[in-house]
Amino acid sequence: MTENVLDGRDFAELILRDLINEGYGGKELFDEFNIRQSKIRPRVEAMLREAKNVAHGKGEYETYNDVFGNEE
């Protein structure tokens, strides 16, 4: 599953939808799609490295209360 996410295929429809909404068409659509899709893998790999560091106590993180505050 991770490989499929890392290659960007899971994001293809979302990328195409955004590009069409942004007015891309023809060769520009194809070119911009390839540019954006190629950025998926490095970004997902960076998120995975960060999550791994947090899991090993080496990275910064936010607690539940940091994000949502105290429920009172």
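In this predicted model, Glu45 has a relative accessibility of 28% and counts as partly exposed. That value falls between the 20% under which a residue is called buried and the 50% over which a residue is called exposed. The side chain of Glu45 meets that of Arg41 in a salt bridge, with 3.0 Å from N to O. Arg41 is likewise described as partly exposed, its relative accessible area being 33%. Both residues belong to helix H4, and because they are 4 residues apart, about one helical turn separates them.

Other salt bridges share partners, and these join Glu22, Glu32 and Arg36 into one network. Arg36 appears in both of the pairs described here. In one, Arg36 bridges to Glu32, with the closest N and O atoms 2.9 Å apart. This pair sits within helix H3, where the two residues are 4 positions apart, about one turn of the helix. In the other, Arg36 is joined to Glu22, and here the closest N and O atoms are 2.8 Å apart. Glu22 is found in the loop between H2 and helix H3 (26-38), whereas Arg36 is in helix H3 itself, so this contact ties together parts that are 14 residues apart in sequence. The members of the network are covered to varying extents: Glu32 is buried, at 17% relative accessible area, Arg36 is partly exposed at 24%, and Glu22 is partly exposed at 46%. A search of the whole structure finds 5 salt bridges, among them the pairs Arg41 with Glu45 and Glu22 with Arg36.

It is helpful to place these contacts in the overall fold. The protein contains 5 helices and 0 strands, and reading along the sequence gives the pattern α-α-α-α-α. Of its 72 residues, 17% are buried. Helix H2, spanning residues 12-21, shows how burial can be arranged around a helix axis. Its buried residues are Ala12, Ile15 and Leu19. These cover an arc of only 65° around the axis, which puts them on the same side of H2. The other side of H2 carries the exposed residues Glu13, Ile20 and Asn21.

Turning to the surface, two patches of contrasting character can be described. Glu50, Glu60, Glu62 and Asp66 form a negative surface patch. One of its members, Glu60, lies in the loop between helix H4 (40-55) and helix H5 (64-68). With a relative accessibility of 75%, Glu60 counts as exposed, because the cut-off for that class is over 50%. The second patch is nonpolar, with an area of about 370 Å², and is made by Tyr64, Val67 and Phe68. Phe68 is part of helix H5. Phe68 is also exposed, with 60% relative accessible area.

Taken together, the model shows an all-helical pattern, α-α-α-α-α, in which a salt-bridge network links Glu22, Glu32 and Arg36. The surface of the model includes a negative patch containing Glu60 and a nonpolar patch containing Phe68.

Notes: Residues are numbered from 1 along each chain as its sequence is written. This is a predicted model: local features need pLDDT of at least 70, side-chain atom pairs count only at pLDDT 80 or more; totals for chains, interfaces and linings use all residues. Side-chain values use heavy atoms; hydrogens and water are left out. Patches are made of residues with over 30% relative accessible area and no salt bridge: like charges are joined within 9 Å, nonpolar side chains (Val, Leu, Ile, Met, Phe, Trp, Tyr) within 5 Å. Accessible areas come from the Shrake-Rupley method with a 1.4 Å probe; for residues, only the protein chains shown count as cover. A salt bridge is a side-chain nitrogen of Lys or Arg within 4 Å of a carboxyl oxygen of Asp or Glu. Lys and Arg count as positive and Asp and Glu as negative; His and the chain ends are not counted. The place of a charge is taken as NZ of Lys, CZ of Arg, CG of Asp or CD of Glu. Buried means under 20% relative accessible area, exposed over 50%, partly exposed in between (1.4 Å probe, protein chains only). The arc is that of the directions from the helix axis to the C-beta atoms.
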